[in-house]
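Subject: A structure for you to look at

Hi,

Here is the structure I promised you. Please open it and keep it on screen while you read my notes below.

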Amino acid sequence: MGAEPAPVRQLRADQARRVADVLRHQIHAGAFDEVLPTEQQLATEHSASRNTVREALALLKDEGLIDRAPKVGTRVATRKYDHGLDALLGLQETLKGHGTVRNEVRTAQHITAPPAVARRLGLEPGQRVVYLERLRYLADLPLSLDLTYLVPDIGAEVLANDLENTDIFVLLEKISGRSLGRADLALEAIAADPHTASTLDTPDGAPLLMLERLTRLDDGRPVDLEYIRMRGDRITMRGSLSRGAPEWKVL
């Protein structure tokens, strides 16, 4: 038998990152009501030094998840909202129970589809589509900027509805008379450009989640192509995957 590999010496920064990962998940899962355990309690729980715990908490503070103050301790500053990756739901359906989702409709018009968009939606080159741009809020909290291309027949009827208070998915099913079937997704991290940052009320260069989603009806017809920029400090994408699911791949 070969010799066991020598263990890599763990730097304190490596240990702090490990502790921060666990605490981040606990904060998002609601494990702490408002106040986190003391540094000494966390050090004992994670078999780490207090200096390591301090570094871990500093990471979370830089992310805006916690506040720290003398004699007050470490408190949860903000929580994220879960957005599922394993169910085809609109934002209103996803955040049901968390508050009222409303949309600021910035653009709603017919445009000539860019060639790449026409191909994705199964349209002929030069065909017109309905283009929507919506800034989406939970109460007064900006969450995402959604750019949406809809096939012309269904999209034209979508324009006649209440776009400020209704999810597009609900309208697609109502207008088409069919259920939504599946969606092809791509999710990546991007930095907020100055205009998007201003629109979403976040600093320039702040981390955003960019979701590209092509949604089909249950007969396989593509009807909705979206590019959604979500605030990374307010939304966490979650899903349950099983090994061998062919529709998931790492790009």
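Let me start with one pair of residues. Find R216, then look across to strand 9: the bridge partner there is P222. This pair belongs to a longer match. Strand 8 (residues 207-217) and strand 9 (residues 222-231) are joined by nine bridges, in the antiparallel sense. Bear in mind that this is a predicted model.

**The sheet**

Now zoom out. Strands 8 and 9 sit in an open sheet of six strands, with the order 4-5-6-9-8-7. The pairing is antiparallel. As background, the strands of a sheet pair through backbone hydrogen bonds, either parallel or antiparallel.

Which strands stand at the edges? They are strand 4 (101-112) and strand 7 (180-191). Each has a single partner strand, so one side of each has no neighbour in the sheet. On average, neighbouring strands are turned by 15° against each other, direction ignored.

A helix packs on this sheet. Helix 7 (residues 168-176) touches strand 5 (128-138), strand 6 (141-150), strand 7, strand 8 and strand 9. The direction of helix 7 makes about 170° with that of strand 9.

**Helix 7 itself**

Which residues of helix 7 are buried? They are I168, F169, L171, L172 and I175. Look down the helix axis and you will see these residues fall within an arc of 160°, so they line one face of helix 7. Their cover includes strands from the sheet, among them strand 5 and strand 9, and also helix 6 (152-158). Right after helix 7 comes G177, with a positive phi near 75°.

**Strand 5 and E133**

Next, strand 5. How many of its 11 residues are buried? The count is 10, so to speak a strand that is mostly covered. Strand 5 has partners on record here. With strand 4 it pairs in the antiparallel sense over 11 bridges. One of the matches is V101 with L138, the latter in strand 5. With strand 6, strand 5 shares nine bridges, again antiparallel. There, R134 stands opposite D146 of strand 6.

Strands 5 and 6 also make a hairpin, with two residues between them. Check A139 in the turn: its phi is positive, about 55°.

One residue of strand 5 deserves a click: E133. Is E133 buried or exposed? Its relative accessible area is 15%, so E133 counts as buried, the cut-off being under 20%. The E133 side chain makes a polar contact with the side chain of Y131, at 3.1 Å. Set aside its neighbours within four places in sequence, and E133 is in contact with E104, V105, R106, T107, L145, D146 and L147.

**Helix 2 and H46**

Now move to helix 2 (residues 39-46), where you will find H46. Its relative accessible area is 16%, and H46 is buried. Leaving aside neighbours within four places in sequence, H46 is in contact with V19, V22 and L23. To get a feel for distance, pick R229 as well. H46 and R229 are 183 residues apart in sequence and 35 Å apart in space, C-alpha to C-alpha.

H46 has company. The buried residues of helix 2 are E39, L42, A43 and H46. Why do they sit on the same side of helix 2? They cover an arc of only 100° around the axis, which puts them there. On the other side of helix 2, T44 and E45 are exposed. The buried residues pack against helix 1 (12-28), helix 3 (50-62) and strand 1 (66-69). S47 follows helix 2, and its phi is positive, near 50°.

**The whole chain**

Last, the overall numbers.

- The chain has eight helices and 10 strands.
- Of its 251 residues, 39% count as buried.
- Its C-alpha atoms fill a box of roughly 65 × 55 × 30 Å, taken along the principal axes.
- Take the contacts between residues at least 6 apart in sequence: 62% of them join residues at least 24 apart.
- The accessible surface comes to about 14200 Å², and 50% of it belongs to carbon and sulfur atoms.

Best wishes

Notes:
Residues numbered from 1 in each chain as written. Predicted model: local features only at pLDDT ≥ 70, side-chain atom pairs only at ≥ 80, totals over all residues. Heavy atoms only, no water. Pairing = 2+ DSSP bridges. Helix = DSSP H or I, 4+ residues; strand = E, 2+ residues; numbered from the N terminus. Axes fitted to C-alpha atoms, helices over the stretch in contact; angles between N-to-C directions. Contact = heavy atoms within 4.5 Å. Buried < 20%, exposed > 50% of the residue type's maximum accessible area, 1.4 Å probe, protein only. Polar contact = N/O pair within 3.5 Å; in protein donor to acceptor, adjacent residues only side chain to side chain. Areas by Shrake-Rupley, 256 points an atom, 1.4 Å probe, with all protein chains shown as cover. Arc of directions from axis to C-beta.
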